[in-house]
Amino acid sequence: MIVIKNASLRRIISRVVPYIAIPLIVAVGIFVFEEKRWAMVALGVAVCTVLLFLAGFDSGKTGSRRLILSAVLSALSVAGRFIPIFKPVTAITMIAGMWLGGEAGFLVGSMSALVSNIYFGHGPWTPFQMFAWGMIGLFSGYLSVPLRKSRIFLLIAGALAGGLYSMIMDIWTIMWYNGSMDLSLYAAAMVTALPHTIIYVLSNVIFLFILAGPIGEKLSRVKIKYGV
Amino acid sequence: MEILRVENLSFKYPTGKAPTLKELSFSVNEGEFVVLCGATGSGKSTLLRLLKRELAPLGEKSGSVCYGGRSLEQLDARTAASEIGFVMQRPEQQIAADKVWHELALGLENLGESQDVIRRRCAEMAGYFGIAPWFDRETSKLSGGQKQLLNLAAVMAMNPRVLILDEPTAQLDPIAASDFIGTLLKINRELSLTVIIAEHRLEELIPVCDRLIALDCGEIVADAPPREALPLLASRPALLRMMPAASRLSMALGLETKGEVPLTVREGKRMIEEHYTNKVRSLPAKTPVAPEVNALEFRDVWFRYSQKGEDILRGTSFHVKQGEFFCILGANGSGKTTALGAVAAINRIFSGKIKIFGKQLKDYKNGTLYQSCLAWLPQDPQTLFLRNTLREELKGAEAEAAMLGLDLVKYADTHPYDLSGGEQQLAALARVLSTKPKLLLLDEPTKGLDAASRERITDILRRLRDGGMTILAVTHDAEFAADAADRCALFFRGEIVSTGTPREFFAANSFYTTAANRMTRGHYDGIVTLPEAVEICRLNGEAKA
Amino acid sequence: MKTIADFNPIVQTLYFLSAALCSMLGMNPVMIVISLVGALLLYILRAEDEKPTGHLFTLLLFAVTALINPLFYHNGATVLLVINNNPITLEATLYGITAGAMIIAVLYHFRSFSKIMTSDRLMYVFGKLSGKFALTLSMTLRYIPLFITQMERVRAAQRTTGQYKDGSIADTVKSDLRVFSVMITWALENGIVTADSMEARGYGTGKRTSFALWRMRRRDVIFLLLILLLVGLQLPALLSGALTFTFYPNIRSLPTSPAAILAYISYGALVLTPSAIECIERAKWKYFVSKI
């Protein structure tokens, strides 16, 4: 296990990993391997990110209360998936990032993906989903100030996150299938997945529109009550 | 040997006006079984939490708590965490892990113990507490009693020397509660473990404890073995009403000065038979108020949750008359709560008929059933709350809140979750009463309530009934049913096996009955509540010794 | 019995990941056929009571993935037929079939994986990476059933106060949102009890350990070394591109270099080992029972 004692070093790593290391792996993947290994490179990136996050998370100090809050939010987002037409994962991940910070956001996002797949079945998509939702949580943490301030911005970000999530997952599926990116195939996949994506984006926006405020209030209340 | 010493302990919450605890001093010896009692708000939970460093509330504290001769603050983190164990009220929420074995291991993992130590300790705990058969199970699949036993075992795995329990049986049914107390007694006797326990229901604890510490408004009013402590509480009704029925009876009859205070049913029975004749064997029967119109008819109802599941209701039939208070008693899993759900149209019945005020349940369309007809008070009032303050929560139910005696001015801006259990229940009741129901359904209305809240809710329900409301309650609480109900019924395996007025019902039962009935059985007939017992004893007069 | 389900979770994870990954790298029909045979065999051996509808879904998926490629991709020299001026080529069709087979092979590997990797096994694997993540995972898994039951209770309670309506989709969504909102409050407020119980049991007093029911036994180590060896033998072929099979513009013959042959054999040995263990153990058990 990687133990990073120095807090500032840890902070640097948490910045370096998403912005530098990952693009680097992608670049290496493109130039060194042949084109057909794209899907594998993407998978590699996802796995590396998740692993690096885990290592960083393990070494950091997390109070039991923060840990419980993350577990509660992850469980809520997965339990919510059992309600028909209800897909709260992205929204809750964003809310977690906004109110509890990027690390908790990443944790809630990747945990929700992992646990969902315990119920719905694992696949090569598991690390990829963990990565995608984790990143949504992480960036919501970075953008917490504007996201909390402007509701419009929040809703746009929510729609984008929902849409991008579906799109990225589709791209990966195509790459996995085809070995490389094929636009016509991708377009076909997009069109067939369109109703699904629209529901996804809509439910995300509706969810954030109605619940972002109340959940924020509730979270700030328990943060005071818990003394986080 | 002294293990815990509290000296001049005072405590005030940052938001509170008056101190919660005032200059408390006492000490506990190793191996003692101490019961801490006090009404809600007496500060007993605060005191217990101050004895456990990790859970100590924030606020102004003065005085000291010493463990093994050292101040609690001076202990190293490991000792503080492992040697003082703490078990709380809600079995469900204390469990942190998904599997039983992991829950047992959790504390030892936190202490950084090695795999081998944890493996051995888990095996020991599983064996000692009889957990082995469900060692691999998921914690969510356990019953309430098993969950609380697991919580106890998980704390015991860390080898504590002092065990502190804050109302551990409040959320359990009576059978699970006495099993739990039995286990506590066993570890106290066999391992000489020091136990400090706070509890609402003391019927079973007082007879077995070594010492009773009574708290009233943040002060210790009694600290002695139970027989000596009880007479000191004679002038404090709030404390007295939690005591065992036998002790309350003796004190109501003014016998506490003559010999020892009885603690158990056996001692109570002996006391009655020694001191009172039985020339008058029974009290005159109350004239039953009998409006012969049925408010609820339940005829040959069958229900199961899933196609392949077992039948939960097997041709259940009963009726509740208008203006009647009807109580259904029965063990866990007997189907009584399911029957209540069927009346509230939450469980759709498979066959049979349910009529409410003469109209079939299925003919109530578009939610008309829930508008000024039927209301349901769920077991967990928190399932009803939607808002952040009590004022918003009870909008439109202000009159009901006032009628129930809920202080809306004081609590207006309080979050419903910050109210005490009893007040949460009143708030929920106000909410459901605001639809002006004619039939009120209650699921375990006395669960987890202290004696004062229990009396208050009993009183309120009686008043509602007198105002013409029909009430159907499902409960484990025989004393409550005897006090409040007009008729009681026993549920077993999805059927009603007996019904009757409390007097007929409890007098005919031998096991499932009230303490007052057990004490007077054989000497008097048909006595089921404590006031009745007091009355008949007085009527007969003291025997000349 | 000592089947694949009873090995140490780390060994299991390593097996399934290498079995799936080796067939995903490079579109080699031989590797994919081996992968599919191994995956299906294990899955069928282990899931005797599985309904055939489960396989129907994969069959359908295979059909779609096999057909979609020739319909959208028109590379390849051998034209089979022309639809709307778009040539359907033999090469694209074969590519589609191979890719479809690869996808369902990987799916079957993962299906067996999902069945074998119960949550506590998964937690053990993650516990090796991060104890704290494993703990959070355990707590999340503990909360989910609790929340689902509580959600039912809230729904029932809200229904009787007339707050829950399910007449139309809009009503249902609105009502479910309200139920969910109540749930959030309930979950967050009551979570503090769990936090207290964790603190009371010494969370944060020092370095934690992660306890697990599994140990690395001798057979786990042997299987682990076997996996490493068999994957190692494939590496030269996988990395040098000796397995690369060209579909376009013309299909070339299957790679048969010594490295490739070695890779086929060792990959075959890898994916067939669990099924072989399963069969041997069953035979042993039958023999054992017949002796009684």
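Student: At what angle do helix 3 of chain A and helix 6 of chain C pack?
Tutor: This is a predicted model, where local features need pLDDT of at least 70, side-chain atom pairs count only at pLDDT 80 or more, and totals for chains, interfaces and linings use all residues. Residues are numbered from 1 along each chain as its sequence is written, chains are lettered from A and ligands numbered from 1 in the order in which they are written, and side-chain values use heavy atoms, without hydrogens and water. Helices (DSSP runs of H or I, at least four residues) and strands (E, at least two) are numbered from the N terminus, and axes are lines fitted to C-alpha atoms, for helices over the stretch in contact, with angles from 0 to 180 degrees between N-to-C directions. Helix 3 covers residues 64–80 of chain A, helix 6 covers residues 131–160 of chain C, their axes are 7 Å apart, and the angle is about 50°.

Student: Which orientation word describes helix 3 of chain A against helix 6 of chain C?
Tutor: Under 35 degrees counts as roughly parallel, over 145 as roughly antiparallel, 65 to 115 as roughly perpendicular, and the rest as oblique. The angle here is about 50°. That makes helix 3 of chain A, relative to helix 6 of chain C, oblique.

Student: How many charged residues are in the contact of helix 3 of chain A with helix 6 of chain C?
Tutor: Contact means heavy atoms within 4.5 Å. Among the residues that meet are Leu67(A) and Ala71(A) from helix 3, and Lys132(C) and Phe147(C) from helix 6. Ala, Val, Leu, Ile, Met, Phe, Trp, Tyr, Cys and Pro count as nonpolar, Asp, Glu, Lys and Arg as charged, and the others, Gly among them, as polar. By class there are 15 nonpolar, three polar and, for charged, one.

Student: Are helix 8 and helix 9 of chain C roughly parallel or roughly antiparallel?
Tutor: Helix 8 (residues 218–240) and helix 9 (residues 258–291) of chain C have axes 8 Å apart. Their angle is about 155°. Helix 8 and helix 9 of chain C are therefore roughly antiparallel.

Student: Is the crossing of helix 11 and helix 12 of chain B left-handed or right-handed?
Tutor: The axes of helix 11 (residues 245–252) and helix 12 (residues 265–275) of chain B come within 8 Å and cross at roughly 30°. The two helices are therefore roughly parallel. A crossing is left-handed if the near helix is turned anticlockwise from the far one by less than a right angle, and right-handed if clockwise. The crossing of helix 11 and helix 12 of chain B is left-handed.

Student: How far apart are the C-alpha centres of domain 1 and domain 2 of chain B?
Tutor: Bounds come from an automatic or database domain assignment. Domain 1 of chain B is 2–241, and domain 2 is 244–287 + 510–545. Their C-alpha centres are separated by 34 Å.

Student: What area is buried between chain B and chain C?
Tutor: Buried area is the accessible area (1.4 Å probe) that two parts lose on being put together, summed over both. The contact takes 56 residues from chain B and 48 from chain C. Carbon and sulfur atoms give 57% of the buried area, which is about 4600 Å².
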